[in-house]
Amino acid sequence: MRSPAFLGAVAMTVILALYVGFAANFAWLLIRSDAWQAKALGVFLMVLPVIAGWYLVVEWRLGMTVQAMSRELTEREELPAFTGETTPAGRLTEEAAHEAFTLAKAEVDAAPERWEPWFRVAYAYEENRDRSMARKSLRHAADLFRAERRARRRSRT
């Protein structure tokens, strides 16, 4: 059975795909009309489905890469698990989250070219409730992971 997060992502993708389809259809109808204003509006409206399609591809690619990274770290038993005092909701307290971030950041400083420390620092940012930096770090980890996989494939051939 797939995780609820995956099923939610699929549902949102389907909804976005329907929206993109309706927007593209409406844009095409405007482009085919006789009035130049409608044609111009149709061309501008066609930009939205292109951006949405690009965004879908980028986000699914990131999601699949994060899954592969998680799977690899799970197999090695190195998946990030921060210890420390937690709140009643199960999150780390502010002090424990800061300590987790300090440790993860030290790993990144020691090996900035490796994806594993960047993956851990992304989760440390998340524990510190800094989603923007967590996402940037996770994207960087994914880029490094993909580059490492490409290098491994090249070395085999």
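**Exercise 1. Place Glu 116 in its surroundings.**
Task: Which side chains make polar contacts with the side chain of Glu 116? Is Glu 116 buried or exposed?

Solution.
- Step 1. Start with Arg 114: its side chain is in polar contact with the side chain of Glu 116 at 2.6 Å.
- Step 2. Add Arg 76, whose side chain makes a polar contact with that of Glu 116 at 3.0 Å.
- Step 3. Locate the residue. Glu 116 belongs to helix H4.
- Step 4. Check accessibility. The relative accessible area of Glu 116 is 4%, and buried means under 20%, so Glu 116 is buried.
- Step 5. Set aside sequence neighbours within four places. Glu 116 then touches Leu 73 and Arg 76.

**Exercise 2. Judge the model first.**
Task: This is a predicted model. Which helix has the lowest mean pLDDT among the elements, and which the highest?

Solution.
- Step 1. Take the whole protein. Its mean pLDDT is 90, and 99% of the residues reach 70 or more.
- Step 2. Go element by element. Helix H1 (residues 4-31) has the lowest mean, at 90. Helix H5 (residues 131-156) has the highest, at 94.
- Step 3. Keep the general caution in mind. Where pLDDT is low, predicted coordinates should not be read in detail.

**Exercise 3. Classify the packing of H2 on H4.**
Task: At what angle do the axes of H2 and H4 cross, and what residues make the contact?

Solution.
- Step 1. Read the geometry. The axes of H2 (residues 36-75) and H4 (residues 115-127) come within 12 Å and cross at roughly 105°.
- Step 2. Apply the cut-off. Angles of 65 to 115 degrees count as roughly perpendicular, so H2 is roughly perpendicular to H4.
- Step 3. List the partners. H2 supplies Val 66, Met 69, Ser 70, Glu 72 and Leu 73. H4 supplies Trp 115, Glu 116, Phe 119 and Arg 120.
- Step 4. Sort by class. The H2 contact with H4 has five nonpolar, one polar and three charged residues.

**Exercise 4. Repeat for H2 and H5.**
Task: How far apart are the axes of H2 and H5, and how do the contact residues divide by class?

Solution.
- Step 1. The axes lie 10 Å apart, and the packing angle is about 70°.
- Step 2. H2 and H5 are therefore roughly perpendicular to each other.
- Step 3. On the H2 side, the contact residues are Val 58, Glu 59, Arg 61, Leu 62, Thr 65, Val 66, Ala 68, Met 69 and Glu 72.
- Step 4. On the H5 side, they are Arg 135, Leu 138, Arg 139, Ala 141, Ala 142, Phe 145, Arg 146, Arg 149 and Arg 152.
- Step 5. The residues of this H2 and H5 contact divide into nine nonpolar, one polar and eight charged.

**Exercise 5. Examine two positive phi angles.**
Task: What phi values do Glu 77 and Arg 129 have, and where do Glu 77 and Arg 129 lie?

Solution.
- Step 1. Recall the background. Most residues other than glycine have a negative phi.
- Step 2. Glu 77 is not a glycine, yet its phi is positive, about 55°. Glu 77 sits in the loop between H2 and helix H3 (94-110).
- Step 3. Exposed means over 50%, so Glu 77, at a relative accessible area of 75%, is exposed.
- Step 4. Arg 129 is not a glycine either, and its phi is about 65°. Arg 129 is in the loop between H4 and H5.
- Step 5. With a relative accessible area of 47%, Arg 129 is partly exposed.

**Exercise 6. Trace the loop residues.**
Task: What does the side chain of Arg 91 reach, and what does the side chain of Asp 130 reach?

Solution.
- Step 1. Place Arg 91 in the loop between H2 and H3. Its relative accessible area is 26%, which makes Arg 91 partly exposed.
- Step 2. The side chain of Arg 91 reaches the backbone oxygen of Glu 126 at 2.6 Å.
- Step 3. Leave out residues up to four places away in sequence. Arg 91 touches Glu 85, Thr 86, Glu 126, Glu 127 and Arg 129.
- Step 4. Move to Asp 130, in the loop between H4 and H5. Asp 130 is partly exposed, at 29% relative accessibility.
- Step 5. The side chain of Asp 130 reaches the backbone nitrogen of Met 133 at 3.3 Å.

Technical notes. Residues are numbered from 1 along each chain as its sequence is written. This is a predicted model: local features need pLDDT of at least 70, side-chain atom pairs count only at pLDDT 80 or more; totals for chains, interfaces and linings use all residues. Side-chain values use heavy atoms; hydrogens and water are left out. Axes are lines fitted to C-alpha atoms, for helices over the stretch in contact, and angles run from 0 to 180 degrees between N-to-C directions. Helices (H or I, at least four residues) and strands (E, at least two) are DSSP runs, numbered from the N terminus. Angles under 35 degrees count as roughly parallel, over 145 as roughly antiparallel, 65 to 115 as roughly perpendicular and the rest as oblique. Contact means heavy atoms within 4.5 Å. Ala, Val, Leu, Ile, Met, Phe, Trp, Tyr, Cys and Pro count as nonpolar, Asp, Glu, Lys and Arg as charged, and the others, Gly among them, as polar. pLDDT is the predictor's confidence in each residue, from 0 to 100. Buried means under 20% relative accessible area, exposed over 50%, partly exposed in between (1.4 Å probe, protein chains only). A polar contact is a pair of N or O atoms within 3.5 Å; within protein, one must be able to donate a hydrogen and the other to accept it, and residues adjacent in sequence count only if both atoms are side-chain atoms.
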